[in-house]
Amino acid sequence: MPRVPLYSPDDVYSRLKNLQFRDETNKYLPYNDEVWRRAVKLLPGITIHLTASEWKKLNLKTKTFKDNREYEVFEPGWTDKIYSYVWHHFKLSCPFSFQTPKISRGSDIFLSINGACDECKNEIHLYSLEDASDDGIDFHVSTCDTKHIKHVKKRQLRGNTRKEVINELNGKSTYMWRRQKADEKMEFGDDEPADLPKESVLRNAKYTKNRKDLGLESFSHHILAVENLKTNPKYSEALHEIAFNKMYVMYWLPEQISLYKLFMQKDPIKEIKIDATGSLIQCLSANDNSKRVILYYQVIATYQKSSLPLLQLVSEKHDANTLSYWLREWLRCGINAPKQVVTDFSLALLNAATLAFNNMPLSQYIDECYKSVVDGTLIEKTTILRIDVAHLCKFVSMWPCFNKNNRH
Ligand SMILES: [Zn+2]
């Protein structure tokens with residue numbers, strides 16, 4: 001890549017025209033003559049100044065290698081620090097890879113670091129003539145201005161930097177973390193720095209850490225991984241039933257049973273809510289390449305404005321039979337059926353709830369309710385089914401009388 005000179009010929013002429021580089025015999029003055037140093041000062045290069053504490057963070061140490069020779073090396077992770085200094089000064093989004101620095105005390109150049117961008121092929125050379133003093137150290141920098149080039153690649157997230165990022169991500173969404181870092185590193189109109197990882201990389205780092213923390217091992221199938229968890233005392237009490245094909249996992253903690261019992265004692269209405277979502281769990285692929293849709297089912301109760309999670313099911317089966325079996329297994333833990341159940345308009349859930357809690361199919365339950373309204377009798381020892389308001393409004397809004405084409 002052609003480099004644009006830092007100074008134009010006119011600049012060089014106007015800065016150096018008053019200096020004498022030759023002696024009276026018209027020979028160039030020797031290398032160590034003061035005039036050359038003055039010339040360098042009149043044509044300053046681009047430098048990055050590191051304070052003494054910033055330099056210390058690079059942690060230069062002497063290391064003995066296999067050939068018994070000793071070299072001075074930086075602590076692992078130094079490339080991330082060097083890139084962050086380069087970004088801070090020049091705002092270049094090149095994902096530079098740096099070569100091992102060359103350090104030679106007593107020579108003209110104390111420290112030299114070369115790097116290159118794999119994407120636009122830009123090269124960078126940082127060098128320092130002298131060791132750091134109490135004021136820090138100056139790195140002279142030679143590179144191209146690539147701000148106008150769009151970069152897609154990023155520097156790899158690894159080593160200590162990866163660990164630090166994972167710790168910072170604890171309890172925080174990858175989106176929010178990325179946004180905060182962008183606010184810290186960037187100003188309006190800047191390109192993205194190469195050390196701001198993509199969200200997919202952050203999610204992967206977080207996922208790997210969570211897997212490790214949970215003791216999840218790699219398996220050929222997700223269900224085998226869950227089955228393996230059952231052998232772990234930490235999870236064995238929570239995992240109640242696991243099916244392979246079609247898959248489902250029923251799980252609830254003993255603490256959730258205690259919580260439900262307490263709720264049934266204290267709450268006057270004794271109402272639970274059952275809902276399902278497909279947005280949390282990735283679909284599996286079937287042999288014929290069709291999607292195996294996995295839903296997450298959750299039972300909750302609301303007590304004094306707090307939501308209490310009571311029961312869970314992750315299932316590929318969404319029929320009333322399976323769902324009522326799940327609820328019946330829950331009841332078998334020695335608990336009473338709730339007094340009210342709120343669901344959406346899912347026929348499977350409505351059917352499952354009345355099968356499990358009232359021991360009758362939905363059609364019979366509706367007949368009983370109708371009879372009770374007509375005869376004015378009370379329905380005793382029955383769990384009342386209710387549809388939540390949002391779903392009911394949506395359902396009613398779809399009635400033909402509310403269709404604008406049918407209005408008169
Ligand atoms: Zn580049």
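## A leucine and its alanine partners

Let's start with one residue in this predicted model. Once its neighbours within four places in sequence are set aside, Leu 327 is in contact with Ala 352, Ala 353 and Ala 356.

## The largest nonpolar core

Leu 327 also has a place in a wider picture. The largest nonpolar core holds 32 residues, and those touching the most other members are Ile 274, Leu 327, Val 341, Ala 352 and Ala 353. Several elements give two or more residues to this core: the strands are E10 (247-251), E11 (271-277), E14 (295-303), E15 (306-315) and E16 (340-343), and the helices are H11 (320-331) and H12 (347-358). Helix H12 supplies the largest share, with 7 residues.

Apart from this core lies another one, made of 16 residues. Trp 87, Phe 96, Ile 113 and Ile 124 are among them. As background, nonpolar side chains tend to be buried together in soluble globular proteins.

## Helix H7 and its two partners

Now to the helices. Two packed helices are described by the angle between their axes and the distance between the axes.

How do H6 and H7 pack, and at what angle? Helix H6 (residues 174-185) meets helix H7 (residues 199-214) at an angle of about 125 degrees, and their axes are 10 Å apart. Because of that angle, H6 is oblique to H7. Their crossing is right-handed. On the H6 side the contact is made by Thr 174, Tyr 175, Trp 177 and Arg 178, and on the H7 side by Glu 199, Leu 202, Arg 203 and Lys 206. By class, the residues of this contact are 3 nonpolar, 1 polar and 4 charged.

Helix H5 (residues 159-169) packs with H7 too: their axes come within 10 Å and cross at roughly 80 degrees. That angle therefore makes H5 roughly perpendicular to H7. Here Arg 162, Val 165, Ile 166 and Leu 169 of H5 meet Leu 202, Ala 205, Lys 206 and Lys 209 of H7. The contact of H5 with H7 has 5 nonpolar and 3 charged residues, with no polar ones. Leu 202 and Lys 206 of H7 take part in the contact with H6 and also in the contact with H5.

## A look at Glu 54

Is Glu 54 buried, exposed or partly exposed? This residue is found in helix H3 (residues 52-57). Glu 54 has 16 other C-beta atoms within 10 Å, so it counts as partly exposed; 20 or more would make a residue buried, and 12 or fewer exposed.

Glu 54 and Ser 128 are 74 residues apart along the chain, and their C-alpha atoms are separated by 15 Å.

Terms used
Residues numbered from 1 in each chain as written. Predicted model: local features only at pLDDT ≥ 70, side-chain atom pairs only at ≥ 80, totals over all residues. Core = buried A, V, L, I, M, F, W, Y, C linked by C-beta atoms within 7 Å. Helix = DSSP H or I, 4+ residues; strand = E, 2+ residues; numbered from the N terminus. Contact = placed C-beta atoms within 7 Å. Axes fitted to C-alpha atoms, helices over the stretch in contact; angles between N-to-C directions. Parallel < 35°, antiparallel > 145°, perpendicular 65-115°, else oblique. Left-handed = near helix turned anticlockwise from the far one by under 90°. Nonpolar A, V, L, I, M, F, W, Y, C, P; charged D, E, K, R; others polar.
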